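This report describes the fold of a structure chain by chain. Please keep the sequence and the model in view while reading.

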Amino acid sequence: MKKHYNGYLIAGLIISGIIIIMTIIGMFWTPYSPTAMSGAAKLQAPSLAHLFGTDNFGRDIFSRVLKGAGTTLTIAVATVAIGAFFGTLIGANTGYFGGIVDDILMRLNDAVTAFPSILLALLIISLTGTGKKYNVILALGIVFIPSFARLMRTTYASYRNANYIISARLMGAGSGRIMMIHILPNTVRVLLPALTIGFNNAVLAEASMSFLGIGVAPPDASLGYMLSDAQGMFSVAPWYAVCTGLVIILLVFGVGLIGAGMQKQGSGVN
Amino acid sequence: MKKKFLATALVLAMALTLFAGCGKSAPAEPAGTSSAGTSSAGNEPAPAAAHADEINIGIAQDLDDSLDPHYAVAAGTKEIMFNVFEGLVKPTPEGNLMPAVASDYTVSEDGLTYDFILRDGIKFHNGDEVEMEDVLYSIERNMGSDGNEALIPALEAIKDMKADGSKLTITLDEPVPELLNYLTLAILPADYDKQDTAPVGTGPYKFVSRVAQDNIVMERFDDYWGEPAKIGKVTFHVVEKIESMLLGLQGGSIDLCMHLTSTQTAQLSDGFNIEEGSMNLVQALYLNNAVAPFDNVLVRQALSYGIDKQGIIDLAFDGFGIPLGTSMFPSFAKYYDDSLTDYYPYDPAKAKELLKEAGFPDGFSMEITVPSNYQPHVDAAQVIVEQLKEIGVTAKINPIEWESWLNDVYGNRQFQSTITGLTSDNMTARKLLERFRSDMPNNFTNYNNADYDELAKAAIVSTNDEEQTALYRQMEKNLTENAANVYIQDMADLVAVRKGLSGLTFYPLYVLDVSTLYWAE
């Protein structure tokens with residue numbers, strides 16, 4: 001068999017790999033303290049001393065991006081984890097069993113989906129309080145459940161009456177066992193690309209929420225918060241918005257490529 | 001198999017559009033509206049050299065509460081309508097009061113009788129002469145004589161008002177030293193019922209029209225009793241987005257805009273002069289004096305030594321702002337004691353020493369609650385967090401919405417420390433200082449000092465101006481010595497003024513006096 005190189009996957013892994021490695025470094029070491037201010041170094045353009053320049057408090061933007069990317073990544077991963085876990089749980093049960101539970105849960109799902117997702121997240125945040133990282137995660141996580149649930153429901157429903165499942169059932173396997181062991185591995189092909197898409201959307205959603213001023217609390221940084229901060233001084237310090245925005249774009253693009261690559265890989269196998 | 005793949009791909013595509021909708025629409029929105037604002041600002045007439053008798057002023061909010069001066073509450077509305085209305089007396093830029101609708105007044109020795117002489121021949125904008133009946137109507141309307149709740153509770157001390165020709169005599173039950181300040185209330189025609197939409201007053205400008213969410217037009221009142229306004233027509237443009245405001249200034253559709261920040265003025269070309277006034281407020285890290293560790297005076301003093309006000313002004317405000325050391329700002333020159341500003345010079349070593357003495361050798365953790373819609377307070381908080389690290393204090397910022405702030409912090413006093421700005425909207429020192437008396441309902445910092453209470457009680461009833469001023473100054477000193485709060489600054493109010501436009505006058509009040517503005521030839 002000829003070996004195929006999956007260009008999307010490789011490029012995606014490289015781009016997001018670089019950003020993730022930088023983020024991990026940022027957790028332990030940054031060139032400057034991300035909150036250290038300096039009156040002498042306010043709003044400086046990028047230079048060797050400050051790769052991404054400085055903001056209006058004289059803070060090193062590169063250090064803040066390293067730290068902020070960590071916050072953004074944590075929120076995105078946790079959000080997708082919540083969404084995927086509960087989404088799979090709901091989707092698997094409704095898809096496998098069908099019937100009245102399916103109807104009720106899916107209509108509930110429709111109701112949540114019909115609500116603009118950012119609005120829903122805003123609502124949850126306003127109930128739980130702003131400026132706390134875990135509230136953002138909780139809000140976005142809930143918003144992300146329906147799409148995963150829908151996806152998993154379709155997949156489970158399609159396997160429900162497959163021949164090997166019927167055989168397993170005849171051999172006396174319980175529903176839980178069939179769902180976990182016989183069907184779940186088969187959903188990976190659908191789930192993995194959905195995870196990467198979900199991840200990207202979580203990054204963007206965190207950015208827009210911080211952009212609207214309800215994300216993390218200052219002086220902590222997240223990519224979205226920094227971008228919204230940068231907007232007000234775009235004509236005096238364009239590098240602030242450009243550098244921060246670039247990192248978000250690269251992160252989303254990299255993970256997006258991984259998703260595309262996985263989809264390609266998946267369709268190749270079939 | 002193929003069908004199944006198609007189905008999953010379809011579901012995936014659906015999920016994708018769903019997610020995409022959620023992520024991308026929100027950040028695009030602010031950009032979209034601001035660009036819409038841009039085009040509308042660009043469509044307005046470009047400046048011409050011939051507009052010497054006209055001025056366009058940008059304001060950030062619409063005048064959407066009542067235009068009736070007795071009922072208007074928004075500071076932004078009062079700021080503009082200052083040009084339309086006058087009271088018996090009116091404020092001067094120096095912070096004094098001068099006769100307006102009254103041409104002269106005298107106050108009796110015991111502070112119980114006030115005599116006003118109605119200005120001869122003074123007219124309302126509708127051409128009617130101001131009669132004594134109008135004056136009585138306007139004052140009674142604020143006293144609650146019409147059966148409603150008094151708009152100005154202090155006026156309930158008025159025992160009697162007697163008109164005799166052009167002389168009005170007001171007698172009081174007890175002395176109210178600030179009575180004259182309250183009598184800056186607008187004099188309105190008694191038989192006119194459209195004040196809330198088409199206001200009529202006696203000021204240098206008369207109200208012409210208002211288009212909701214768009215503009216307010218005023219014209220010079222030619223029968224004005226005093227120095228007439230220099231510019232004939234004023235248009236206030238409502239521009240809510242600051243980006244649009246800056247573009248309007250740059251593009252020429254706006255000649256003057258108040259309340260800008262240094263970051264914003266930095267984006268303007270050199271076609272503008274930036275004039276610096278002050279906001280006339282006391283920005284401070286207000287401490288809840290009833291909550292540990294701020295119930296300990298040593299801790300409060302330590303914070304005062306450990307926070308560098310000039311550093312905050314330099315870092316977060318580009319050096320614009322006047323450092324303060326107590327609950328009073330320099331515009332109130334009479335009451336302001338400048339020697340208190342550096343009572344606690346920045347000294348981290350001393351701060352640490354005091355913390356040690358107070359039983360916190362390793363510092364402590366604290367929370368700073370900030371109203372998140374006020375960027376200047378959020379910015380100041382960020383610098384403070386950084387400065388407090390030096391003395392071993394770990395501060396955390398808790399941003400909350402304005403409504404929650406009013407409710408939880410100001411109303412229920414559920415906070416440890418907060419940053420805000422306190423003002424005095426009627427030019428009295430009392431408004432700034434009385435709130436720290438232990439039994440005041442608006443003493444949200446729970447400051448409790450027996451000496452202070454004594455001083456406050458004596459100051460309020462004092463009828464001797466000199467004595468009262470001395471008492472207010474002692475109260476300021478008391479606040480500073482006990483480090484009631486960590487005082488920061490009186491924030492700068494930057495005004496962008498098109499070159500060629502002169503005469504901008506600052507008041508110790510939140511007002512914009514258009515009548516003094518003129519285009520230099």
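## A pair of strands in chain B

In this predicted model, Ile158(B) has Leu172(B), a residue of β7(B), as its bridge partner. The two strands concerned are β6(B) and β7(B), the latter covering residues 167-172, and they pair in the antiparallel sense over 6 bridges.

## The sheet of four strands

These strands belong to an open sheet of 4 strands in chain B, ordered β4-β5-β7-β6, in which the pairing is antiparallel. Both β4 (102-107) and β6 (158-164) of chain B have a single partner strand and stand at the edges, so one side of each is left without a neighbour in the sheet. On average, neighbouring strands of this sheet are turned by 15 degrees against each other, direction ignored.

A helix accompanies the sheet. Helix α3 of chain B, residues 132-143, lies across β5 (113-118), β6 and β7 of the chain. With respect to β6(B), helix α3(B) runs at about 170 degrees.

## The sheet of seven strands

Chain B also contains an open sheet of 7 strands with mixed pairing, and its order is β8-β9-β10-β1-β11-β19-β12. Here the edges are formed by β8 (205-211) and β12 (272-278) of chain B; each has a single partner strand, so one side of each is left without a neighbour in the sheet. Neighbouring strands of this sheet are turned against each other by 20 degrees on average, direction ignored.

Within this sheet, strand β9 (residues 215-220) and strand β10 (residues 233-238) of chain B form an antiparallel pair over 5 bridges. One residue of β10(B), Phe236(B), is the bridge partner of Ile216(B). Helix α5 of chain B (residues 242-251) packs on the sheet, where it touches β1 (54-59), β11 (256-260), β12 and β19 of chain B. The direction of α5(B) makes about 160 degrees with that of β1(B).

## Helix α8 of chain B and its surroundings

Helix α8 of chain B spans residues 309-317, and its buried residues are Lys309(B), Ile312(B), Ile313(B), Leu315(B), Ala316(B) and Phe317(B). These buried residues pack against two helices, α6 (262-265) and α10 (375-389), and against the strands β14 (322-323), β18 (486-490) and β19 (492-498), in chain B. Strand β19(B) also has a place in the order of the sheet of 7 strands.

Just after α8(B) comes Asp318(B), which takes a positive phi of about 50 degrees.

## Chain B as a whole

Chain B has 14 helices and 21 strands. Of its 521 residues, 42% are buried. Among contacts in chain B between residues at least 6 apart in sequence, those joining residues at least 24 apart make up 69%.

## Chain A

Chain A has 9 helices and 0 strands, and its pattern along the sequence reads α-α-α-α-α-α-α-α-α. The C-alpha trace of chain A spans about 75 × 55 × 30 Å along its principal axes. Buried residues account for 47% of the 270 residues in chain A. Of the contacts in chain A with a separation of 6 or more, 70% are between residues 24 or more positions apart.

Two packed helices are described by the angle between their axes and the distance between the axes. For helix α2 (residues 61-97) and helix α5 (residues 133-160) of chain A, the axes come within 5 Å and cross at roughly 35 degrees. The crossing of α2(A) with α5(A) is right-handed. In the contact of α2(A) with α5(A), the residues divide into 20 nonpolar, 12 polar and 4 charged.

Notes. Residues are numbered from 1 along each chain as its sequence is written. Chains are lettered from A and ligands numbered from 1 in the order in which they are written. This is a predicted model: local features need pLDDT of at least 70, side-chain atom pairs count only at pLDDT 80 or more; totals for chains, interfaces and linings use all residues. A residue is buried if 20 or more other C-beta atoms lie within 10 Å of its own, exposed if 12 or fewer, and partly exposed in between; C-beta atoms are placed from the backbone. Two residues are in contact if their C-beta atoms, placed from the backbone, lie within 7 Å. Two strands pair if DSSP finds at least two bridges between them. Axes are lines fitted to C-alpha atoms, for helices over the stretch in contact, and angles run from 0 to 180 degrees between N-to-C directions. A crossing is left-handed if the near helix is turned anticlockwise from the far one by less than a right angle, and right-handed if clockwise. Ala, Val, Leu, Ile, Met, Phe, Trp, Tyr, Cys and Pro count as nonpolar, Asp, Glu, Lys and Arg as charged, and the others, Gly among them, as polar.
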